[in-house]
Amino acid sequence: MTGQPLDRSLDRRAFLARAAALATATAAGAAVALPPVATAAGSTTGGRRKNPLDHPDAYVRPRPEAFADPTELTIAEAGWLIRAGRLTPEQLVEAYLDRIGAYDGVYQAFNLVLADAARAAARDAARRPRRGVLHGIPLAIKDNYYTEGVRTTANSFLFADFVPPHDATAVARLKAGGAIVLGKTQMGPLATTRATTPAGVVTTVNAWAPTNPNTDPGGSSTGTATAVAGRMATSGIGTQTGGSITAPSNAQNLTGLKPTMGRVSAAGVIPLTYTRDHPGPLARDAKDAAIMLTAMAGGDPADPRSEGLPDVPDLIEAATPVRRGGRVRLRWNTRVGVLPTFASGTSATALARQAYLAQLAEIPGVTLVDVPLPEGWSQLTGGTFNNVRLPERSEPFMPYLRTDLRAFGVSVTSWLQGALMGGNEFITGQRAKLLLLERVLDELFDACDVVVQTDPVPFDILGLPEIAFPIGATAAGLPIGTILGGLPYAEDRLLSVVAAYQAVTDWHLRRPADPPAALAGARRAPSEAAPRLTAEQVAELTQ
C-alpha cells in the first residue's frame, strides 16, 4: 500500500472558496480562472505514472466464463488478453457489433452505430504499439459528447443536424489511450430524463427487463447504461447533473462514478448546468471505472473548472483489492457514515441495504458510524433550492427560447422555468448551496470519510464525488444499487471501498438474460405501444 489517500488533508476551506468563485462566475456569465485547491504535504498517493493506463494493476486474468465470450470481458480482462496476444481488437469489436446487430433493435441503446469506423480503428490498433489497458477497447459514448465529424444531437430537435469539428476532451483522451468508439448512445432529450424521443416517446429499455418499457432504465445516460449492461460495449461514458450516471448504473447493475466537479473536463459536452455537469464512466466494476476515469481526468485549458486541482491520484491502484493472509481488507482504514433510516424497513431495498452494511462491516478496515444529517438538510437539498440550477440551462439557449419553443420538445418546461426565475431567487439559491457545502464538509465529514447516499442530488449540487454500484436484486430479478459519496477529489477512497466490497460479493458479475429470440434483430418502432412522457412529467423528473 502507498501513502495516504488524497482526501483529507485537503484544504476544505479552499474547496469552499472555489465553489463560491464558481457560483460568482456563473452569475456573472463569465468563465474565469478559479482559485486553486491545494493539498497538504504528504497527502499524495505517488503522482501520475508516465503512462498511467499501462499500470500493472490494470490487467486482470479473465474469469473462465469470460474466456468463452469476449463481450463478457471487463476492460481489465480484455486488456490482459490483448496484451497476451490472445485476443485482437478486431475480434473484440466484431463480437460487440454482432450483439448490437442481434439485440439493439430491442434495447435501442444506440442512436448511431459507427460499425465501419470501429472496424477501421480496430485494424489500426492491431498495427500500432499498445498504449495501455484501453488499447482496442470498444466504448459507448453518450450523444451529448462532441465526436469529430459525427453527428452529436443531445437527442434534441435543436442539435439534430449538428456535426462537431472536434472531439470532446474526454472522448479525445479515451481515444488517445487506444479506445474505440462503437457509437453514440440514446439519452434523455437535452440530458433531462430517461431516453425518449424529443417528443417524449420512450425508446431505450432497461437491459434487465427488455420487454417492459415501463421498467425504469435510469436517465439521462440511459443508452450508455443499457449498452454496457446488455454487453454491447465494454464500458461507456455519460454525464451527471442530477443523478444521470448513478441512477442508470443502479438500475442496470453497473458501477458508475461521478467525479468531483472539474476532475474531468466538460469541454465539448453540450451543456445542461455549468456548475453541476459532471462527465464520468459507467462501467462493470470498480477497476474498470478507475481505468476509465484515469484516462478522462486532468486539467484542460478549454475548461477553467478543471484547472488548479490536486493531481489525479493512482485510481487504478486504489481500485485494486488488498489481501492479507488470504483475506480482503481495505486499502485505507475508512469510516463509512450511515445516514438515519438508510436501512430501515422490510422492503427488498431495505433488506439489500442491511445485507450490504453487514457485509461491509466484516471487511477489515471498515468502521460503520451513524451520522446525523446537517441542520437544514431537507430545506437546503429540496426542490426549491435545487431548482436554482434552471437559469444556468436557460441562459445559453435564450435565442432559441425567444424564437421557437417547439425546438425544446417535451423538455421545454424546465427551460421556461429557468428563464422566468428572478435574479434574487438565483442569488439566494447560490448562497444556500454554499451554506450546505460548508455544513457537509465541516459537520457530516467530521465524523466519516465516505457516506451512504439515498439521493444523488445533494452531492450533485455541491460537486462532490459519488459512486454507484450493485448490492442486491428484487424478487423479480431487477438490480438494487446504492451510492457512496466522498470528500472533494476523493475518488480514490470511494473506489477502494467499492473494490473491496466487490472482491467479497458477486452482484457486479451478474448479467441480464438476452432478449427473447422472437424479438431479436427486430427494430421496435418508438411509437409502437411505448409509454410517453408528458411535459409535466418531464418537468417533475428532469435532471
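Colleague: Where is Ala-490 found?
Modeller: This is a predicted model, by the way. Look past strand E13 (479–486) and before helix H19 (491–503). Ala-490 sits in the loop between E13 and H19.

Colleague: Is Ala-490 buried or exposed?
Modeller: Its relative accessibility is 2%. Buried means under 20%, so Ala-490 counts as buried.

Colleague: What distance separates the C-alpha atoms of Ala-490 and Gly-136?
Modeller: Along the chain, these two are 354 residues apart. In space, their C-alpha atoms are separated by 29 Å.

Colleague: Okay, on to strand E3. How many of its six residues are buried?
Modeller: E3 covers residues 180–185. It is largely enclosed by the rest of the structure, because the number of buried residues in E3 is six of six.

Colleague: Which strand pairs with E3 in the antiparallel sense, and which runs parallel to E3?
Modeller: Three bridges link E3 to an antiparallel strand at residues 110–113, namely E1. One of the facing pairs there is Leu-112 with Lys-184 of E3. Five bridges join E3 to a strand at residues 138–142, where Leu-139 stands opposite Val-181. So the antiparallel one is E1, and the parallel one is E2.

Colleague: Through which helix does the chain cross from E2 to E3, and is the crossover right-handed or left-handed?
Modeller: Leaving E2, the chain goes through residues 169–176 before it gets to E3. That helix is H6, and the β-α-β crossover is right-handed.

Colleague: What does the side chain of Thr-185 reach?
Modeller: Thr-185 lies in strand E3 and is buried, with a relative accessible area of 0%. At 3.4 Å, its side chain reaches the backbone nitrogen of Lys-142.

Colleague: Which peptide bond is cis, with omega near 5°?
Modeller: Go to the loop between E3 and helix H7 (222–229), where Ser-220 is found. The cis bond leads into that residue: Gly-219 to Ser-220.

Colleague: What is the phi of Leu-190, and what is the phi of Ala-154?
Modeller: Leu-190 is in the loop between E3 and H7 and counts as buried at 5% relative accessibility. Ala-154 is in the loop between E2 and H6, and it is buried too, at 1%. Neither is a glycine, yet phi is positive: near 55° for Leu-190 and about 50° for Ala-154.

Colleague: Last one: which residues make the nonpolar surface patch of about 290 Å²?
Modeller: One member is in helix H16 (residues 412–420) and counts as partly exposed, at 31% relative accessibility: Leu-416. The patch is made by Leu-405, Leu-416 and Leu-420.

Note on methods. Residues numbered from 1 in each chain as written. Predicted model: local features only at pLDDT ≥ 70, side-chain atom pairs only at ≥ 80, totals over all residues. Heavy atoms only, no water. Patch = residues over 30% accessible without salt bridge, like charges linked within 9 Å, V, L, I, M, F, W, Y side chains within 5 Å. Areas by Shrake-Rupley, 256 points an atom, 1.4 Å probe, with all protein chains shown as cover. Salt bridge = Lys/Arg side-chain N within 4 Å of Asp/Glu carboxyl O. Helix = DSSP H or I, 4+ residues; strand = E, 2+ residues; numbered from the N terminus. Buried < 20%, exposed > 50% of the residue type's maximum accessible area, 1.4 Å probe, protein only. Pairing = 2+ DSSP bridges. Right-handed = clockwise from strand over helix to strand, strands pointing away. Polar contact = N/O pair within 3.5 Å; in protein donor to acceptor, adjacent residues only side chain to side chain.
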